[in-house]
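Student: I am new to this structure and would like to understand the words used to describe it. Could we go through them together?
Tutor: Gladly. Let us have it in front of us.

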Amino acid sequence: MIQEFTSFDHHFFDSIARLWHDVFIDTYPHLASDHDLEGYRYILREHVLPECDLILTLDGGSVVGFLALKPNFIGQNDIPIRDETNWS
């Protein structure tokens, strides 16, 4: 399910930050020591949420992907790569 993130969805905040962090670390494992989860929470809270519209992808009520959109610009696109054998 695709859903727009609103101020009422802050129970998803930690899931979004964790997904963003985990996708980055999976993509760039050699940079893991320079990127902690708290830094992603800070950027999400102070920059992404005030400046972007967030579109969430949910599966069973859990965040599995998101887009951070600015006018004419995609600020973030984090969707983990899944094994093709598990696609539904």
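**Rings, helices and strands**

Tutor: Let us begin with the rings: this predicted model holds 4 aromatic pairs.

Student: Why is the pair of Trp20 and Phe66 called edge-to-face?
Tutor: Their ring centres are 6.5 Å apart, and the limit for a pair is within 6.5 Å. Planes over 60 degrees apart count as edge-to-face; the planes of Trp20 and Phe66 stand at 80°, so the pair earns that name.

Student: What makes this pair a tie between parts that are apart in sequence?
Tutor: Trp20 lies in helix 1 and Phe66 in strand 3 (residues 62-70), so the pair ties together parts 46 residues apart in sequence.

Student: How do you know whether Trp20 and Phe66 are buried or exposed?
Tutor: Buried means under 20% relative accessible area. Trp20 has 8% and Phe66 has 1%, so both residues count as buried.

Student: And what makes the pair of Phe24 and Tyr40 tilted?
Tutor: Here the centres are 6.2 Å apart and the planes are at 50°. Stacked needs under 30 degrees and edge-to-face over 60, so an angle in the rest of the range counts as tilted. This pair links distant parts of the chain too, with Phe24 in helix 1 and Tyr40 in helix 2 (residues 37-51), 16 residues apart. Tyr40 has a relative accessible area of 7%, so Tyr40 is buried.

Student: Which residues do the ring pairs link into a cluster?
Tutor: Trp20, Phe24, Tyr28, Tyr40 and Phe66.

Student: How do you know that the length of helix 1 is close to what is expected?
Tutor: Helix 1 (residues 13-27) has 15 residues, and from first C-alpha to last it reaches 21 Å. The expected span, at 1.5 Å a residue, is 21 Å, so the value fits the expectation. Several residues of this helix are buried, including Phe13, Ile16, Leu19 and Val23.

Student: Which residues touch the most other members of the largest nonpolar core?
Tutor: Ile16, Leu44, Leu54 and Leu56, out of 21 residues in that core. Helix 1, helix 2, strand 2 (53-59) and strand 3 each supply at least two residues, and helix 1 gives the most, with 8. As a general point, nonpolar side chains tend to be buried together in soluble globular proteins.

Student: What does Leu44 contact, leaving aside its neighbours within four places in sequence?
Tutor: Leu44 is in contact with Phe13, Ile16, Ala17, Trp20, Leu49, Pro50 and Leu54.

Student: How do you know that the side chains of strand 2 alternate?
Tutor: Leu54, Leu56 and Leu58 point to one face and are buried. Asp53, Ile55, Thr57 and Asp59 point to the other face and are not buried.

Student: What makes strand 2 and strand 3 a pair?
Tutor: Pairing needs at least two bridges. Strand 2 and strand 3 have 7, in the antiparallel sense, so they meet the rule. One of the partners is Ala68 in strand 3, bridged to Leu54. The two strands form a hairpin with 2 residues between them, and Gly60 in the turn has a positive phi of about 60°.

Student: How many helices and strands does the protein have?
Tutor: There are 2 helices and 4 strands, running β-α-α-β-β-β from the N terminus on. Of its 88 residues, 30% count as buried.

Note on methods. Residues are numbered from 1 along each chain as its sequence is written. This is a predicted model: local features need pLDDT of at least 70, side-chain atom pairs count only at pLDDT 80 or more; totals for chains, interfaces and linings use all residues. Side-chain values use heavy atoms; hydrogens and water are left out. Buried means under 20% relative accessible area, exposed over 50%, partly exposed in between (1.4 Å probe, protein chains only). Rings of Phe, Tyr and Trp (its six-membered ring) pair if their centres lie within 6.5 Å; planes under 30 degrees apart count as stacked, over 60 as edge-to-face and the rest as tilted. A nonpolar core is a set of buried Ala, Val, Leu, Ile, Met, Phe, Trp, Tyr and Cys residues joined through side-chain atoms within 4.5 Å. Contact means heavy atoms within 4.5 Å.
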